Structure formats: C-alpha cells, structure tokens
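Okay, thanks for squeezing me in. I'll put the chain up on the screen and then talk you through a few places in it.

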Amino acid sequence: MNTPSNQLFDIYFTQPAMRAIFSDAGRVQGMLDFEAALARAEARVGLIPASAVAPIEAACSAERYDFAALALAIATAGNSAIPLVKALGRQVAAQSAEAERYVHLGATSQDAMDSGLVLQLRAAVELLESDLATLAGQLADQAERHADVPLAGRTWLQHATPVTLGMKIAGWLGAITRHRQRLAELKPRLLILQFGGASGSLAALGEQAWPVAEALAGELGLNLPEQPWHTQRDRLVEFASLLGMIAGSLGKLGRDLSLLMQTEAGEVFEPAAPGKGGSSTMPHKRNPVGAAVLIGAATRAPGLVATMLAAMPQEHERSLGLWHAEWETLPELCCLVSGALQQALLLVPGLEVDAERMRANLDLTRGLVLAEAVSIALAQRIGRDAAHHLVEQCCKQAVKEGVHLRAVLGANAEAAAELSAVELDRLLDPAHYLGQARRWVARALAEHHALSR
C-alpha cells in the first residue's frame, strides 16, 4: 500500500537539503538535541548526577522514535514536545530508571520546540549563506563579462534609454549582497536559546537556574537572551521578513529574465538542457521554467511572511494558536526560498546572451531611444523647452513617416544648424550614451568582493 505523500513538486520548488532539515526527523532531532544538551548542562552544574547523562544522550536519536505514533499523539497533546518527552522518558527508563527522573528537568515544551527550531534554523542559515555567496559570485562574473554590452533600458515595459546588460545584472548582484549583509547581522539575534520553564521564570530550578541556562547555551552553541522569548517572536519574524525579501529579489531576477526571453525580445535566455522548457503540444517552445520558480516563490512568500507577522501579538506568557501558526509557516518559507536559490544557481552561470539581438532591438524605434541624448545636447544651445519641443516634433515625424530619427534631424534646418552630422551620428550611437553604467558595475563588484573576503 502506498503511503500518501506530497512530493511531486518538491524537487522543483525546494532544495532537498533544506527539506531534510525541516523533515520530521529534523524536527524531532532538534528537540532531542536540546534534551541531551539540557542533561549535560544540568550535570555540569551539579543539579543532576553525571551518571544520568549517558542514558539520556543515548536515547536522543531521532531514528529511535515512531513518527507516525508521535503525529497521532500530537493531535491530542497539542504540541510535538509533550509526546516526544514521554517517549524519551520511556527510552531512558529502559536503560536506567534513575536517569529517567532527570529527563526534561525544569524545561517546558516550548523550550524544547523553540530551541530545537533554532538549531534547525542554524543549519538552514548555513545553507542559505553558502548558496547566496555562490550566487553572488556567479552574478559578479556575469556583470563583469557583460559590463559594456548595450541593451535597451525599459521603463513601464517600453524602450527608454540604453543601459548595459552588466548594469542590469549588477542590480541583481547588489540586492543579493545586501541580503548577505542582513543575514550576517541578524544571526546573533536569531541563533538564541529558548529556556524559561513553565512561565519563563525558571522557578523550578531554584538558584541553579541561571548556571544551567548559561551551561545549556554553551552546550548548544547558542546565544543566551536577556530573557525567554516564548511570546516575543520578533527574532523569528525578522528572519522571515528577510526570507521574503530574498524571495522578492530572486523574483525580480526571474521576472527580468523571463521578459528578456520573450520571443519579441530574445536577448537573454536560460541555459538550454535536454527536455527543459518544452511544451506538451508545441515542439518549438522554450519556456523559462527556472524563472517560473523564482517568480512563483516571490508570489507565495509574502503570504507566509504575513502569517508570521499576524502571529506576533501572542498572549501573556504562552500563546494559544498564534504560536501554532508558525510551526509549518517558517519552515515552508525556508524551503521555498532555498528552492528558488537552487534554480537561480542553475540559471545564472549559463545565461545565453544574444548581443546582436540586443543591438537590433535598440534600433527597433529607429533612433528614438536616443532622443533624450539629442534633446540634452540641443538644450545647451537653444534652451530646454525649445529643445524638448523640437526633438519631440522630430520623433513624431519619424514615427509617422517610418524613417530613422537621424534622417529627420539631419533634414531639420533648426536641428542641423546646431548639430553637425558628426555630432548627430555620435548622439544617436547607443555606445556613447551609457552614462555611469560601467561605474555601477564596478561599485557592485567592489561591494561583493569586500563582503566575500
């Protein structure tokens, strides 16, 4: 009999390594790591006998537990720690009845669940950091490679003035660099112990509470907060918000790339691969299937972030329902962003660039994309308003007659009186109207390299 599953889309939308972190085994192991560390910490300060540690540690392996049974028990218990701690106690008691007395001593369910989650998030952050650094390096290579390749800038989806492909890619790179900085900045706030006992006061541990908390933080390699954060969820929401921003920036990359791949543009393409981007009925199709994941993630992420935000006003010292709303939301957000990153890592190094098509597209409007350049030059001689009006009229004439703007300007007495043929040729050459494009690329690369040292 097949076990029901929901894996058809996982490889497309999720990184397997990230899904493993937030699998049932990953969740259970995170809580068990907390329980083992708690026993070690309490033994270190003399609260429990040292002999109790080994039996507890031996039982803190996720593979020893029946996840299906835990799932059924959670439906009655209301959280995952209650049935797990009971099962842990049984495992320990089978080895040492004495050690079983010290399982979970002084802790509460949310301590195990939140600290276990933080341990999972630490592994997730390591994956994200690695992938973001790799993606940044790929973007830096592409931005440098195409720093001087002109293409039409587009505003409101219409041709504007020329930019360069390197400048566009540098924009993608800059966002990733800032996200890497943000991730590094929030790690000390995110990777933090949860340990407060029943209502946050750790009263059950008496005078040993603070030494145990310090020892437990050390055992887990986590920072010790100023106080327990059972219902103060800003740290998790800050991380969720950053994940949402990363998804949005990757979605921007995917949106730009999919538009550049459109038949009418045909300037930059996802790397080709056998069977990639085809259609079930149209043999000629080459669909941007990687970009679709980036856009899809950017579309889904805001709702998940909104759930985390909505779950913030939690009641008193322990929440009813709002905490529960986080359990699947934050892991799903991690998995979603990781999947988008995997697609970006496949796309960026193999981008296929058609520079000739870019140049041809720059000429689609027969010189109109350089109208600003001509207007600026004329403004220095006949004034801004007069120059704008003159060039505007010439543009309208070029469109009406279906001719190049250069021909209209050359035949216009007022324009010809101010601008020589050589000047007009230069003004209407996209390569001479790229402004600070190369500087922007250089600055993005410098920021990237400074962070990557």
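I'll go through two helix pairs, then a stretch with a database annotation, then a few single residues.

One thing up front: what you're looking at is a predicted model.

Let's start with helix 8 and helix 11. Helix 8 covers residues 109–145 and helix 11 covers residues 234–261. Their axes are 13 Å apart, and the packing angle is about 25°. Angles under 35 degrees count as roughly parallel, so that's what we call helix 8 relative to helix 11. As for handedness, the crossing of helix 8 past helix 11 is left-handed. And who's doing the touching? On the helix 8 side you have Leu117, Leu121, Val125, Leu128, Leu132, Leu135 and Leu139, and helix 11 answers with Leu236, Phe239, Leu243, Ile246, Leu250 and Leu253. If you sort the residues of that contact by type, you get 13 nonpolar, no polar and no charged.

Now the second pair, helix 5 and helix 6. Here we're at residues 67–77 for helix 5 and residues 81–95 for helix 6. The axes are 8 Å apart, with an angle of about 125° between them. That angle makes helix 5 oblique to helix 6. Helix 5 brings Leu70, Ala73, Ile74 and Ala77 to the contact, while helix 6 brings Ile82, Pro83 and Leu84. The tally for this contact is seven nonpolar, no polar and no charged.

Okay, the annotated stretch. UniProt, in an unreviewed entry, lists residues 366–445 as "domain: Adenylosuccinate lyase C-terminal". In the model, that stretch is 74% helix and 0% strand. Its end C-alpha atoms sit 34 Å apart.

The listed range begins at residue 366, and Arg366 is worth a stop. Arg366 is in the loop between helix 14 (355–362) and helix 15 (371–382). What's the sign of phi at Arg366? Positive, about 55°, and this isn't a glycine. For context, most residues other than glycine have a negative phi. Arg366 has a relative accessibility of 40%, so it counts as partly exposed.

Leu202 does something similar on the backbone: a positive phi of about 55°, and again not a glycine. You'll find Leu202 in the loop between helix 9 (165–190) and helix 10 (209–220). Is Leu202 buried or exposed? Buried, because its relative accessibility is 10% and the cut-off for buried is under 20%.

A few more residues to click on. Ser420 is in the loop between helix 18 (413–418) and helix 19 (421–427). With a relative accessible area of 34%, Ser420 is partly exposed. Go twelve residues along the chain between Ser420 and His432, and the C-alpha atoms are separated by 16 Å.

Gln397 is in helix 16, residues 384–401. Gln397 is partly exposed as well, at 34% relative accessibility. From Gln397 to Arg357 you have 40 residues in sequence and 26 Å in space, C-alpha to C-alpha.

Last one, Ala54, which lies in helix 4, residues 53–59. Ala54 comes out at 48% relative accessibility, so it's filed as partly exposed; the exposed class needs over 50%. How far apart in space are Ala54 and Tyr433? C-alpha to C-alpha it's 72 Å, with the two positions 379 residues apart in sequence numbering.

That's my tour, happy to rotate things if anyone wants another look.

How values were computed. Residues numbered from 1 in each chain as written. Predicted model: local features only at pLDDT ≥ 70, side-chain atom pairs only at ≥ 80, totals over all residues. Heavy atoms only, no water. Helix = DSSP H or I, 4+ residues; strand = E, 2+ residues; numbered from the N terminus. Buried < 20%, exposed > 50% of the residue type's maximum accessible area, 1.4 Å probe, protein only. UniProt positions renumbered as here; feature names shortened; annotations may be inferred. Axes fitted to C-alpha atoms, helices over the stretch in contact; angles between N-to-C directions. Parallel < 35°, antiparallel > 145°, perpendicular 65-115°, else oblique. Left-handed = near helix turned anticlockwise from the far one by under 90°. Contact = heavy atoms within 4.5 Å. Nonpolar A, V, L, I, M, F, W, Y, C, P; charged D, E, K, R; others polar.
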